[in-house]
Amino acid sequence: MEQVDTRVAYQNPWLSVREDTVRWPDGSTGIYGVIDKRNFALVVPWDGEGFHLVEQFRYPVQERCWEFPQGGWPPGSPGGSGLALAQAELAEETGFTASTWTRLGFLQAAPGVMSQYFDVYLASDLVAGAPSREASEQDMRQKWVSRSSLEQMIRSGELRDAHSIAAYGLFSLAMAGSRDEHDRDDQNGDDS
């Protein structure tokens, strides 16, 4: 598929929607709508036993949603690294800071309609503090959940945020990889 033409159909400080004329492999043309948004960061705050989640009202779906802390740089800001954004979002939404940060992945948000990606970071060795939420996060709540409780929230549909569920998948893979590595070390007689 090849872009033939493009025009911005709508724009605001947070996103733009463009309509591209595209040429398909058979030579015919069509249109493709694309939402362009800056990348964001999602944080998996893990204390070794469980996670810290946030809940807020999400206007597009008209309901309160549980999710891992996440967000993007404010409009007009120069931005920065994914790690800096993750650190800022964790502190802003939960008040926590973390001594250990591990990048778990870089995922596509909704590749069928958006150009946006997001970094997923594991935050551990947490230190509590006071949140400093934006005006749009005034109604935000947070809670600690065990790993089994988080899995039950996903199974029951209480937690439906696809980004958070994908991040939990990356977390689970990282934990399984750590166990596999530890098991291999044990089999090889490595006591370190």
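**Rings and strands: a short tour**

Hi everyone, let's start with one residue: Phe-106 is partly exposed, because its relative accessible area is 40%, which lies between the 20% limit for buried and the 50% limit for exposed. Please keep in mind that we are looking at a predicted model.

We'll come back to Phe-106 in a moment. How many aromatic pairs does the structure hold? There are nine of them. Take Phe-40 and Phe-118: their ring centres are 4.7 Å apart and their planes make an angle of 10 degrees, so we call this pair stacked. The cut-off for that word is under 30 degrees. Now look at where these two sit in the chain. Phe-40 belongs to strand E4, residues 40-45, and Phe-118 to strand E9, residues 117-127, so this pair links parts of the chain that are 78 residues apart.

Are these two rings buried or exposed? Phe-40 has 8% relative accessibility and therefore counts as buried. Phe-118 is buried as well, at 1%.

Back to our opening residue. Phe-106 and Tyr-117 are also stacked, because their ring centres lie 5.0 Å apart with the planes at 10 degrees. Here Phe-106 comes from strand E8, residues 97-108, while Tyr-117 comes from strand E9, and 11 residues separate them. Like Phe-106, Tyr-117 is partly exposed, in its case with a relative accessible area of 31%.

Two more aromatic stops. Trp-46, Phe-51, Phe-68, Tyr-168 and Phe-171 come together as one aromatic cluster. And if you find Trp-66, you will see the charged end of Lys-143 over its ring, 4.6 Å from the ring centre.

Now for the strands. Strands in a sheet are joined by backbone hydrogen bonds, in a parallel or an antiparallel way. Our example is an open sheet of three strands, ordered E1-E2-E3, and the pairing is antiparallel. Which strands form the edges? They are E1, residues 2-11, and E3, residues 29-37, each pairing on one side only. On average, neighbouring strands of this sheet are turned by 25 degrees against each other, ignoring direction. Strand E2, residues 15-23, meets E3 through nine antiparallel bridges. You can look one up yourself: Arg-23 has Thr-29 in E3 as its bridge partner.

Last, the record. An unreviewed UniProt entry annotates residues 36-167 as "domain: Nudix hydrolase". In the model, that span is 22% helix and 41% strand, and its end C-alpha atoms are 22 Å apart.

Thanks for listening!

Notes. Residues numbered from 1 in each chain as written. Predicted model: local features only at pLDDT ≥ 70, side-chain atom pairs only at ≥ 80, totals over all residues. Heavy atoms only, no water. Pairing = 2+ DSSP bridges. Helix = DSSP H or I, 4+ residues; strand = E, 2+ residues; numbered from the N terminus. Axes fitted to C-alpha atoms, helices over the stretch in contact; angles between N-to-C directions. UniProt positions renumbered as here; feature names shortened; annotations may be inferred. Phe/Tyr/Trp six-rings, centres within 6.5 Å; stacked < 30°, edge-to-face > 60°. Buried < 20%, exposed > 50% of the residue type's maximum accessible area, 1.4 Å probe, protein only. Lys NZ or Arg CZ within 6 Å of the ring centre and 35° of its normal.
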